[in-house]
Amino acid sequence: PHIQICLMQQQIKGWQRILSTSCANCAKNQRLRQKRVISEKKLTRYFIDHRRVSVTGGHGGQGINSFYSEPRKEFGGPDGGNGGDGGHVILKVDQQIKSLNLVLPLYRGFDGEKGGSKNCYGANGGYTYVKVPVGTLVKENGKTVANLAQHGEEYVAAYGGTGGKGNRFFLSNENRAPVTDTAGEPGQKRVLDLELKIMAHAGLVGFPNAGKSSLLRAISNAKPAVAPYPFTTLNPHVGIVNYQDYEQVSVADVPGIIRGAHLNRGLGLTFLRHIEHCRFLLFVVDLSVSEPWIQLQDLKYELDQYEEGLSKRPHVVIGNKIDLPQSKANLLLLKEQVEQRVIPLSALTGDNLEELLLHLKELYDCYVNAEQSHKQNSVKW
Ligand SMILES: Nc1nc2c(ncn2[C@@H]2O[C@H](COP(=O)(O)OP(=O)(O)OP(=O)(O)O)[C@@H](O)[C@H]2O)c(=O)[nH]1
Ligand SMILES: [Mg+2]
């Protein structure tokens with residue numbers, strides 16, 4: 001009887017298992033794996049926006065010197081095959097890749113195989129693909145040689161060398177038994193600078209602690225770190241603002257700019273590069289600081305020093321921290337000093353965010369119309 005009871009218990013357990021796997025409620029109770037939040041400091045390790053790579057194409061295979069011979073056909077003629085071509089090193093855009101951290105400092109293409117007797121050609125070296133993110137600029141000696149902006153786009157960074165010729169290649173009426181063969185050529189050798197420019201429609205430009213990250217958190221799905229000290233943000237973050245007509249506008253939060261950024265002070269020059277790619281700019285000014293128009297002048301000066309006319313891109317001035325007591329007076333003074341539109345808001349309390357969102361949509365529509373009128377390829381990322 002004891003064995004019987006044990007067997008029955010096992011059977012019941014088996015049913016439970018069957019029942020539990022078929023139960024839809026159990027699936028509900030299983031928690032979805034959440035996306036890991038990476039701290040800003042760790043993200044700096046992953047987010048690499050500049051890499052110098054040395055690329056060398058594969059070496060061409062050696063041609064072969066050989067003569068065909070078999071019983072009763074002693075002098076069958078030359079039959080040395082050509083060597084294979086060396087493989088290229090190719091940069092290929094992959095939209096799954098977000099940073100240049102996986103790009104190694106050195107790449108060498110596969111060599112072509114040497115030729116064989118009986119007119120066998122050596123195999124060509126395979127291509128070496130290096131995956132790079134969308135928006136990678138390829139520079140050589142400071143000159144831009146490629147702008148990889150589309151998924152799947154390829155750029156041959158280094159051509160492989162051509163394979164050598166076997167002695168069969170040199171067969172002619174004058175020379176019926178050539179003994180010449182040539183070596184394969186070495187592959188092309190280059191040193192390239194890869195630079196990543198993040199792609200966003202709008203860029204938030206402001207001094208450290210102005211509240212750029214808070215604003216991006218308030219209007220989009222992005223979650224950059226916010227803290228009451230300067231240089232909280234060390235990497236660019238991109239957030240997407242969704243509109244009711246299913247249009248999406250991307251906004252980039254770029255680390256704070258300080259006076260002398262164009263001379264590489266603060267976090268400096270590297271981040272001005274990201275602003276360069278934005279179609280319109282959102283200048284974020286801290287209204288709680290006295291004389292906020294000085295901030296605006298400094299920001300524009302830094303942008304213009306980096307690239308002439310960068311501050312003249314379509315832009316809007318955002319007066320942040322309007323909830324603080326001293327901000328109201330500063331806002332009036334700022335409006336007197338600045339002729340363009342100023343949108344006062346508070347990223348913390350969410351006051352007047354609608355005005356910014358509506359204006360952002362206007363800027364985006366203007367940009368789309370301009371693109372269409374130029375009859376260029378659609379650049380809606
Ligand atoms: N009172 C008030 N505080 C704000 C507002 N917006 C941001 N802050 C505060 O200002 C501080 C800095 O905000 P961040 O969003 O980190 O500023 P940031 O411009 O991204 O700074 P960096 O990343 O260092 O360049 C934080 O303590 C925020 O809570 C606002 O509208 N009102
Ligand atoms: Mg920030």
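**Close-up views of ligand 1 and its pocket**

**View 1. Residues around ligand 1.** In this predicted model, 24 residues surround ligand 1, and those that come nearest are Ser-213, Ser-214, Phe-231, Thr-232 and Thr-233. By class, this shell consists of twelve nonpolar, nine polar and three charged residues. Helix α4, which spans residues 212-219, contributes three residues, the largest share of the shell.

**View 2. Backbone contacts to oxygen atoms of ligand 1.** An oxygen atom of ligand 1 lies 2.9 Å from a backbone N or O atom of Asn-209. For Gly-211, a backbone N or O atom is likewise placed 2.9 Å from an oxygen atom of the ligand. At Gly-256, a polar backbone atom is 3.5 Å from an oxygen atom of ligand 1. Taken alone, ligand 1 exposes 650 Å², of which the protein buries 91%.

**View 3. The pocket that holds ligand 1.** Ligand 1 sits in the second largest pocket of the model. The volume of this pocket is about 370 Å³. Its lining comprises 25 residues, and Asn-209, Gly-211, Ser-214, Val-226 and Ala-227 are the closest to the pocket centre.

**View 4. Composition of the pocket lining.** The residues that line the second largest pocket divide into 13 nonpolar, nine polar and three charged. Helix α4 supplies three residues, the largest share of this lining. Helix α4 also provides the largest share of the shell around ligand 1. Ser-214 is among the residues that come nearest to the ligand and is also one of those closest to the centre of the pocket.

Technical notes:
Residues are numbered from 1 along each chain as its sequence is written. Chains are lettered from A and ligands numbered from 1 in the order in which they are written. This is a predicted model: local features need pLDDT of at least 70, side-chain atom pairs count only at pLDDT 80 or more; totals for chains, interfaces and linings use all residues. Side-chain values use heavy atoms; hydrogens and water are left out. A residue is near a molecule or strand if one of its heavy atoms lies within 4 Å of it. A polar contact is a pair of N or O atoms within 3.5 Å; within protein, one must be able to donate a hydrogen and the other to accept it, and residues adjacent in sequence count only if both atoms are side-chain atoms. Accessible areas come from the Shrake-Rupley method with a 1.4 Å probe; for residues, only the protein chains shown count as cover. On a 1 Å grid over the protein atoms alone, a cavity is a set of points where a 1.4 Å probe fits but cannot get out, and a pocket is an open set with protein on both sides within 12 Å along at least five of seven lines; lining residues have an atom within 4 Å of a point. A molecule sits in a cavity or pocket if more than half of its atoms lie within 2 Å of its grid points. Helices (H or I, at least four residues) and strands (E, at least two) are DSSP runs, numbered from the N terminus. Ala, Val, Leu, Ile, Met, Phe, Trp, Tyr, Cys and Pro count as nonpolar, Asp, Glu, Lys and Arg as charged, and the others, Gly among them, as polar. Grid points are joined across faces, edges and corners, and a volume is the space filled by probe spheres set on the points.
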